[in-house]
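Got a few minutes to look over a protein with me? Have the picture open while you read, and find each residue as it comes up.

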Amino acid sequence: MDDPKYPERLTIRLTKKDAALLKSIARQESTDMSSLTRRGLMLLIREKAMLNRIAVSAHQRGISYPIEN
């Protein structure tokens with residue numbers, strides 16, 4: 001079943017405990033596990049992009065990163 005919106009397929013391995021937790025959260029959010037996993041992945045990507053922008057900005061100002069007080 002190919003979905004034109006998501007042409008790539010990814011397989012992940014989870015512990016039974018993590019899979020049960022993901023399934024439970026998906027049920028609570030009225031969504032499926034793959035949608036929830038995509039949301040989590042997008043949050044991680046956005047976090048890393050934000051940290052990268054902070055590091056680049058600090059470098060441009062001559063500040064070492066991570067910023068130490």
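Here is a quick tour, going from the whole chain down to single residues.

Keep in mind that this is a predicted model. The protein chain has two helices and zero strands. Its radius of gyration is 18 Å, well over the 11 Å that the globule rule gives for 69 residues, so the chain is more spread out than a compact globule.

**Overall shape and surface**

- Along its principal axes, the C-alpha trace of the protein chain spans about 50 × 30 × 20 Å.
- Buried residues make up just 6% of the 69 residues in the protein chain.
- If you add up the accessible surface of the protein chain, you get about 6,700 Å². Carbon and sulfur atoms account for 56% of that surface.

**The largest pocket**

- How big is the volume of the largest pocket? It comes to about 730 Å³.
- There are 19 residues lining this pocket, and the closest to its centre are E8, R9, L10, S34 and R38.
- Two helices each supply at least two residues of the lining: α1, which covers 16–28, and α2, which covers 33–60.
- Which of the elements gives the most to the lining? That's α2, with six residues.
- Sort the lining residues by chemistry and you get eleven nonpolar, two polar and six charged.

**The salt bridge**

- How many salt bridges does the structure hold? There is one.
- The partners are R39 and E29, whose side chains meet with 3.0 Å from N to O. That fits the definition, because a salt bridge needs a side-chain nitrogen of Lys or Arg within 4 Å of a carboxyl oxygen of Asp or Glu.
- This pair links distant parts of the chain: R39 sits in helix α2, while E29 is in the loop between α1 and α2, ten residues apart.
- R39 has a relative accessibility of 48%, so it counts as partly exposed.
- E29 is partly exposed too, and its relative accessible area is 41%.

**The loop between the helices**

- S30 is another residue to find in the loop between α1 and α2.
- Its backbone is worth a look: S30 has a positive phi of about 55°, although it is not a glycine.
- Is S30 buried or exposed? With a relative accessible area of 69%, S30 is exposed, because the cut-off for that label is over 50%.

**Spots along helix α2**

- L43 is found in helix α2. At 57% relative accessibility, it counts as exposed.
- Try finding L43 and A26 together: they are 17 residues apart in sequence, and their C-alpha atoms are 16 Å apart in space.
- I54 also lies in helix α2. This one is partly exposed, with a relative accessible area of 35%. That label applies because 35% falls between the cut-offs for buried (under 20%) and exposed (over 50%).
- Between I54 and P66 there are 9.1 Å in space, C-alpha to C-alpha, and the two are twelve residues apart in sequence.

**After helix α2**

- Where does I63 lie? Look in the segment after α2.
- I63 has a relative accessible area of 42%, so it is partly exposed.
- I63 and E47 are 16 residues apart along the chain, and 20 Å separates their C-alpha atoms.

Notes
Residues are numbered from 1 along each chain as its sequence is written. This is a predicted model: local features need pLDDT of at least 70, side-chain atom pairs count only at pLDDT 80 or more; totals for chains, interfaces and linings use all residues. Side-chain values use heavy atoms; hydrogens and water are left out. On a 1 Å grid over the protein atoms alone, a cavity is a set of points where a 1.4 Å probe fits but cannot get out, and a pocket is an open set with protein on both sides within 12 Å along at least five of seven lines; lining residues have an atom within 4 Å of a point. Grid points are joined across faces, edges and corners, and a volume is the space filled by probe spheres set on the points. Helices (H or I, at least four residues) and strands (E, at least two) are DSSP runs, numbered from the N terminus. Ala, Val, Leu, Ile, Met, Phe, Trp, Tyr, Cys and Pro count as nonpolar, Asp, Glu, Lys and Arg as charged, and the others, Gly among them, as polar. Buried means under 20% relative accessible area, exposed over 50%, partly exposed in between (1.4 Å probe, protein chains only). The radius of gyration is taken over C-alpha atoms; the globule rule is 2.2 Å times the number of residues to the power 0.38. Accessible areas come from the Shrake-Rupley method with a 1.4 Å probe; for residues, only the protein chains shown count as cover.
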